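The following exercises concern a single protein model. Each task is followed by a solution in steps.

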Amino acid sequence: MTTLNSPRQRLVAPPDYVEPEPVERSVETTKSQSPSLVMLVLIATVGILAYAWFLLNPASRGDWLPYSMVILAESILIAQALLSMWTILSGSQDPRDFAFHNARAALFHDAEPIGRGSMRVYDRRRMYLDGERVSVDVFITTYGEPLAVIRETVTAALAIRGSHVTWVLDDGRSDEVRDLAESLGARYVRRLTSGGAKAGNVNHALAISSGQFFAIFDADFVADPEFLVETVPFFANANVAFVQTPQTYGNLHNVISRGAGYMQSVFYRFIQPGRNRFNAAFCVGTNVIFRRTAIDDVGGLYTDSKSEDVWTSLMLHERGWNTVFIPMTLAVGHAPDTVEAYTKQQLRWATGGFEILFRRNPLARGRKLTLDQRLQYLVTASFYLTGICPLLLLLVPPLEIYFDLRPMNLSTTVFTWLLYYSGFYVMQIVLAFYTMGSFRWETLMLATASFPIYVAALVNVLVGKEQKWSATGDRTKVSSPFNFMIPQVLFFIFLALTSVVAIYRDLDNGFLTLATAWNVTNTVILGSFVIAAMGESRSAKVAARAARRVETANTTIRSPKEVSA
């Protein structure tokens, strides 16, 4: 059964209303690389190749077990780094061509009046492409997010310039969300089942809506009023299936949210723009607008994966459709700011990536993709293998400390090792510093501490275990962060004890070894994750006690009335 509420009738604005001049928005990265970035990328590439030569040089080979672990981990990291460098260097092309600018200039007919809805003045002028009117649906998918968060998102969606219909697609089946949508003037849709998760929710809405184009926003992403103005003109090209914009976060207030947010900065600023060159930019599930006929062509959004967005993009590319990514922030959302939310998000994303790698390998015969697209999707599908690499590298120092097994030949000096090692890793840090403005230690911490998540995702896919879908912003159940990081805590304890043993050994021998320094560094990184979780746990307890005090106070205030009654 579908519950559908129509919006209130929108009135024409008063004659004396003067439309404000639209603010001209600049593209965050018109050309995704400057000459300085090109130089850094080239130097980093040389460093990557030099490090690869050093590792594979037979003269550097140490004991087979730690050496094999280092080679496996570093091979994955090096391959991903090289392909990322290639993609970044390909990103100079601006997707805004003459057709875009021409369509944008003719998007509105200025003689049409501004509209009013729900006591607010909205720019409800009809939009046109090639002189033909276009219709747009804006879908907001909800699944148990706080009412205040949904209110902000719906209010912003209603205020987007251009004629459109705003829909709240509520898989949380909340009467409060229904009443909120009705009070704001949005349409409300509720399904009987949650089959297909978010993709099924959108497919269901497509069956009862009729817009030629539809935009999707997660419940915690607040759209910019210019969203349609900056995206719809791309559809002047009849072969464009969707236009994707970045996920930008506005709640970088703690270690987890900053780490999660910064981890994606390079991807949205440099990797996705580079993929435009290969027609391989993919959908990320929110802040995106689709052409309905393109989705109809592939039978709807893909529903049998946790990464329905990437799978749908892959199917569209196989059908010959074009996709566009623009590096302009047109919606601001919430990064996961708790260990639980981050773990669930990464587990969902990694599971979807591994599903593509093992069930729809882009390199397999029969894939109707160009060679460039195959390589780009291979990078996407295998990316989360890099998250497992820290597990292998964390175990290398203990092998030397406890069993005297070394990855490198004893004749290889510490200086030589550090020289090649720095050529790879230090340049990655320099690139990150350049793109994000400073070194973000939170990203390093999360990248090191997340290996249990990616191992679990890989095992789930290999054994066919179904991963329950959950919204990142779902706060209906708040748990201790330590319920989601037992492996990290155990690893921290193991590394801490190993560091004590190593330091005692080095003091006894009279010199510091590389293995000890490496292990202590790993201990500090994992320890910072544990400390962040402790802070989160304390904050949750303080908030719970405050809520109990408020509840007790309210009960005390009500008691005299209840007694007198």
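The model treated here is predicted.

**Exercise 1. Determine which residues line the largest cavity, and classify them.**

Step 1. The lining consists of Lys-198, Ile-216, Cys-283, Gly-285, Phe-290, Leu-301, Glu-308 and Asp-309.

Step 2. Sorted by class, these residues comprise four nonpolar, one polar and three charged. Gly counts as polar and Cys as nonpolar in this scheme.

Step 3. The space enclosed by the largest cavity amounts to about 60 Å³. In total, three cavities of 30 Å³ or more are present in the structure.

**Exercise 2. Identify the elements that give two or more residues to the nonpolar surface patch.**

Step 1. The members of the patch are Tyr-402, Phe-403, Ile-486, Leu-490, Ile-493, Phe-494, Leu-497 and Val-501. Together they have about 780 Å² of accessible area.

Step 2. Two or more residues are given by each of the elements α14 (389–403) and α18 (486–509).

Step 3. Helix α18 supplies the largest share, six residues. Ile-486 is located in this helix, α18.

**Exercise 3. Establish the strand order of the open three-stranded sheet, and explain why β10 and β12 each have one side without a neighbour.**

Step 1. The strand order is β10-β15-β12, and the pairing is mixed.

Step 2. Strands β10 (222–223) and β12 (248–249) occupy the edges; each has a single partner strand, so one side of each lacks a neighbour in the sheet.

Step 3. Strand β12 runs parallel to β15 (residues 331–333), and two bridges join them. Two strands are taken to pair if there are at least two bridges between them, so this criterion is met here.

Step 4. Within β15, Gly-333 stands opposite Tyr-249.

**Exercise 4. Locate the partners of the salt bridge formed by Asp-175, and state how far apart they are in the chain.**

Step 1. The partner of Asp-175 is Arg-190, with the closest N and O atoms 2.8 Å apart.

Step 2. Asp-175 belongs to helix α5 (residues 175–184), whereas Arg-190 belongs to strand β8 (residues 187–190). The two residues are 15 residues apart, and the pair links distant parts of the chain.

Step 3. The structure holds 21 salt bridges.

Terms used. Residues are numbered from 1 along each chain as its sequence is written. This is a predicted model: local features need pLDDT of at least 70, side-chain atom pairs count only at pLDDT 80 or more; totals for chains, interfaces and linings use all residues. Side-chain values use heavy atoms; hydrogens and water are left out. On a 1 Å grid over the protein atoms alone, a cavity is a set of points where a 1.4 Å probe fits but cannot get out, and a pocket is an open set with protein on both sides within 12 Å along at least five of seven lines; lining residues have an atom within 4 Å of a point. Grid points are joined across faces, edges and corners, and a volume is the space filled by probe spheres set on the points. Patches are made of residues with over 30% relative accessible area and no salt bridge: like charges are joined within 9 Å, nonpolar side chains (Val, Leu, Ile, Met, Phe, Trp, Tyr) within 5 Å. Accessible areas come from the Shrake-Rupley method with a 1.4 Å probe; for residues, only the protein chains shown count as cover. A salt bridge is a side-chain nitrogen of Lys or Arg within 4 Å of a carboxyl oxygen of Asp or Glu. Helices (H or I, at least four residues) and strands (E, at least two) are DSSP runs, numbered from the N terminus.
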